[in-house]
Structures are given as structure tokens and as C-alpha cells.
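Got your viewer ready? Load the model, switch to cartoon, and follow along from stop to stop.

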Amino acid sequence: MTTTGKRTALVVRGGWDGHAPVQATDLFIPHLVDNGFAVRVEDSPAIYADTDYLASVDLIMQCMTMSTIEHDQLAGLRGAIAAGTGFAGWHGGIADSYRNSSDYLHLVGGQFACHPGKPAAEHVPGDPANNFVPYVINIRPEAATHPIVAGIEDFELVTEQYWVLSDDYVDVLATTTQKVRDGDPWNREVTSPAIWTRTWGEGKIFVATPGHSVDVLQNPSVKTIVERGLLWASR
């Protein structure tokens, strides 16, 4: 699929089907088109090796959970972002991509570690909802005027809560805190970035960890944050 527009957006989607990469990205493609982007869709990171094409791309929206990336593909992606191409996504489609590449993790700045889910005593065998817990996305007060989260208050979700490993080169807009419950092996609360940005050369990166399923992406706060993040990251 390719649309017409003044700016160019590349959608790269695939990987683990559990994150509904086609339906999830289809939710935001009309937003890109309405904002003047010509949209091209690819189903693998192979397009990243086409450095001539990537040089013309203003924004990459990626939803590629796990999967793998080749050396030339990653080099093309990193080079394009450093030259000004924006890179944006949500949940495992950006924060749990290409586990085979430490250089990709370095690029994004935060990596999914786990989603602890419900306490074991509450598990129902085989139920995907075992991974869903109520938790709060806390907008950082010092980031409250950032254009991605301006006017959005703290909000609660019931879905996977990402425990993220990150570095201090991420600019954190919102956090989430994993509580300590009976039976947990950790003995103090752990706060992870839930929404962050990162600069890479001339490029900008946007990541939101909510987004396990389409219904989560349709939450008004999540949807607004992702829509704004896509535009913010674009060249």
C-alpha cells in the first residue's frame, strides 16, 4: 500500500502476531494521511537496507515485535535516523524488537524486560489475561508541557505493564511503577519509563510502552499520545 502526500512515512510491521501489527498500524495510518504523509507499508525490516529510499523518509512507524534484523538493515536504519528520519512506535513493536541486536537496543534506549502480570495465585491456566494488571501511567510534572503529553493527566490502564531496562539518555515523559506484592522476588517498587523520547544525531525517536492490543491503543489518552508522538518524531 502506498498513498500520496507531501511528506513520506514508512510503516514497517510484522513479527509476533499477538500484537496485531496490521490492525494496530492501520489504526494510525489515516492520521498520517490526514497530516499530509504519503504512506508506504512494508512487512519486514529488509527495506531498511535501501539507504537511498530511507534518505527520503520523514518518519518510520514500526510495529515489529521480536523478529530479527540483519547488519545492513540496522546500519541503514541507524544512519537514516541520524540524518533526520523520525522513528516511532509503541509496546513490543519498538521496545521489544530485534533481540539479536544490542545496537538496536542502544538506538532505542529502552528494552522490554518483562510484564509481571497477576500474582500466581490469581492465574487461570492458559488465560492471556494473566498478564493484565491495573496500573497507572504517571505524567512527569517536569514534562507536562511537552507537546506529546500536554493537557493529559495521569491515567489507568488494565493491560500488560512493561518493566523496562533503560539508560539516562532517554527523555522520560511518563513513568509506571511496578508494586511489590506478596510472593514477588523484588523487595522495593520499580519505576520504569512508559513514554519517552530520544534524539539520535539529527533524528528523533518516540516510544510508548502501552499498546498490547488495539483496544489499548484506542484508549483516548494512549491514542492521543501516539498520534502526537508520530508527528513530533517526524522530520
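The tour goes from the whole chain to the sheet, then to a helix and the cores.

Before clicking, note that this is a predicted model, where local features need pLDDT of at least 70, side-chain atom pairs count only at pLDDT 80 or more, and totals for chains, interfaces and linings use all residues. Residues are numbered from 1 along each chain as its sequence is written, and side-chain values use heavy atoms, with hydrogens and water left out.

**Stop 1: everything.** Select the whole protein: you should find seven helices and eleven strands (DSSP runs numbered from the N terminus, H or I of at least four residues for helices, E of at least two for strands). Along the principal axes, the C-alpha atoms fill a box of roughly 55 × 35 × 30 Å. The radius of gyration is 17 Å, which agrees with a compact globule because 235 residues would give a value near 18 Å (taken over C-alpha atoms; the rule is 2.2 Å times the number of residues to the power 0.38). Color by burial next, and 51% of the 235 residues come up buried (under 20% relative accessible area, 1.4 Å probe, protein chains only).

**Stop 2: the sheet.** Now pick out the open sheet of nine strands, with mixed pairing and the order 2-1-3-4-11-10-9-6-7 (a pair needs at least two DSSP bridges). Which strands sit at the edges? Select 37-42 and 155-159: strand 2 and strand 7 each pair on one side only. Look along the sheet and you'll see a twist averaging 20° from one strand to the next (axes are lines fitted to C-alpha atoms, with angles from 0 to 180 degrees between N-to-C directions).

Zoom in on residues 7-15, which form strand 1; six bridges join strand 1 to strand 2, and the two run parallel. To see one bridge, show Thr8 with its partner in strand 2, Ala38.

**Stop 3: helix 1.** Add residues 21-34, helix 1, which packs on the sheet and touches strands 1, 2, 3 (59-65) and 4 (86-90) (contact is heavy atoms within 4.5 Å). The direction of helix 1 makes about 170° with that of strand 1.

**Stop 4: the cores.** Show Trp90 and Phe206, which have the most contacts inside the largest nonpolar core, a set of 37 residues (buried Ala, Val, Leu, Ile, Met, Phe, Trp, Tyr and Cys joined through side-chain atoms within 4.5 Å). Helix 7 (220-233) supplies the largest share of this core, six residues. Among the residues Trp90 touches are Ala24, Phe28, Met61 and Val226. Finish at the second, separate core of 30 residues, which includes Val12, Val108, Val164 and Trp200.

Key. Buried means under 20% relative accessible area, exposed over 50%, partly exposed in between (1.4 Å probe, protein chains only). Lists of a residue's contacts leave out its neighbours within four places in sequence.
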